[in-house]
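Student: I should like a close look at a single part of this protein, namely its strands and the way they are paired into sheets. Please take the pairings one after another and finish with a pocket.

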Amino acid sequence: MHMRSYQMMRNDPYMTNMGRQGLRVQEWAAWGNPFDLFETLFEGMGSGMGGRGAWNGAVDGEDEYYSLVLNFKEAVFGVEKEIEIRRLEKCGTCDGSGAKPGTKSSKCNTCGGQGRVVTQTRTPLGIFQQSMTCSSCNGTGESRTPCGTCSGDGRVRKTKRISLKVPAGVDSGSRLRVRNEGNTGRRGGSPGDLFVVLEVIPDPVLKREDTNILYSCKVSYIDAILGTTLKVPTVDGMVDLKIPSGTQPGSTLVMAKKGVPLLNKKNMRGDQLVRVQVEIPKKLSSDERKLIEELSELSKGKTAAGRR
């Protein structure tokens, strides 16, 4: 860009502030100024947008994951479990420094002791800078003889037992978060979290559908006609269920509040839905056939009388 045309654009009253900033960046880039493009456009917004804030080398610990298997009732009503996890904790030999005890460290030659390296990329809009953790010293800013116990990481894997409270109403795929029980951070970084992923073993009889429980029962055609009372399994144990007279095949009976508690709301529960299957016999004895035929004749007589 010619200096004269640049000055004309810069003084143009219709040029926006952002446009002028862009022209300033191009001018500085042409003279080899190493300013970060984003620091120029967003100056004063802090180190997160290209500022030069100090970095203390702290690295937060990674999250850990644990798979926990529950039976059907444990998932429905909740349970307390003691689990054993393996996670990274501070090395006792080097006290988390990663250096072999008794040795001295020196400034890292790659990053000059900063713990981070800056790369520059020239773009049509200027020079773009990117700051990354130094791969030579892993962000410590120091070159040192690594600890023989932790191989320089400052952490070793240890076993810990944790008491875990599983709330009522969880299901397969539910995740529980235990804060600060993940891997220890390095150089003063915050510890990670522990995520417990749940897997629920299905019940062979009771099926779960959200907060409702599904169950199928079989009744004879006589019981469906006359009505009866059956004992059916629920998560609370065996419960009497009244089959009303005249129950039709495929009918669904509702057992209120015999389902799964709502998550974090133990006083609110779903229902158990019982689907009634009416069994029709394939073979009848001579006495049964005679009675059914008499019943059929009686039913025909009632139908004919109702038409008169």
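Tutor: What follows treats the strand pairings in turn and then a pocket.

The model is predicted. One open sheet consists of three strands, arranged in the order β1-β9-β8, and its pairing is mixed. The edges of this sheet are held by β1 (64-70) and β8 (175-178); each has a single partner strand, so one side of each has no neighbour in the sheet. On average, and with direction ignored, neighbouring strands here are turned by 25° against each other. The pairing of β1 with strand β9 (residues 194-200) is parallel and runs over seven bridges. Within β9, E199 is the residue that stands opposite V69.

A further sheet is also open, but it is built from four strands in the order β10-β11-β17-β14, again with mixed pairing. Its edge strands are β10 (207-209) and β14 (252-255), and because each of them has a single partner strand, one side of each is left without a neighbour in the sheet. From one strand to the next, the twist averages 35°. Strand β11 (residues 212-220) is paired with strand β17 (residues 272-279) in the parallel sense, over eight bridges. A residue pair can be given here too: Y215 stands opposite V274 in β17.

In a regular strand, side chains alternate between the two faces of the sheet.

An antiparallel pairing is found between strand β4 (residues 116-123) and strand β5 (residues 126-133), which are connected over eight bridges. The link from β4 to β5 is a hairpin of two residues. R116 has T133 in β5 as its bridge partner.

There remains the pocket. The second largest pocket holds about 210 Å³ of space. Its lining is made up of 20 residues, and those closest to the centre of the pocket are C137, N138, T140, R144 and G152. By character, the lining of the second largest pocket comprises 12 polar residues, five charged residues and three nonpolar residues.

To draw the pairings together: β1 and β9 run parallel, as do β11 and β17, whereas β4 and β5 are antiparallel. The edge positions belong to β1 and β8 in the sheet of three strands, and to β10 and β14 in the sheet of four.

Key: Residues are numbered from 1 along each chain as its sequence is written. This is a predicted model: local features need pLDDT of at least 70, side-chain atom pairs count only at pLDDT 80 or more; totals for chains, interfaces and linings use all residues. Side-chain values use heavy atoms; hydrogens and water are left out. On a 1 Å grid over the protein atoms alone, a cavity is a set of points where a 1.4 Å probe fits but cannot get out, and a pocket is an open set with protein on both sides within 12 Å along at least five of seven lines; lining residues have an atom within 4 Å of a point. Grid points are joined across faces, edges and corners, and a volume is the space filled by probe spheres set on the points. Ala, Val, Leu, Ile, Met, Phe, Trp, Tyr, Cys and Pro count as nonpolar, Asp, Glu, Lys and Arg as charged, and the others, Gly among them, as polar. Two strands pair if DSSP finds at least two bridges between them. Axes are lines fitted to C-alpha atoms, for helices over the stretch in contact, and angles run from 0 to 180 degrees between N-to-C directions.
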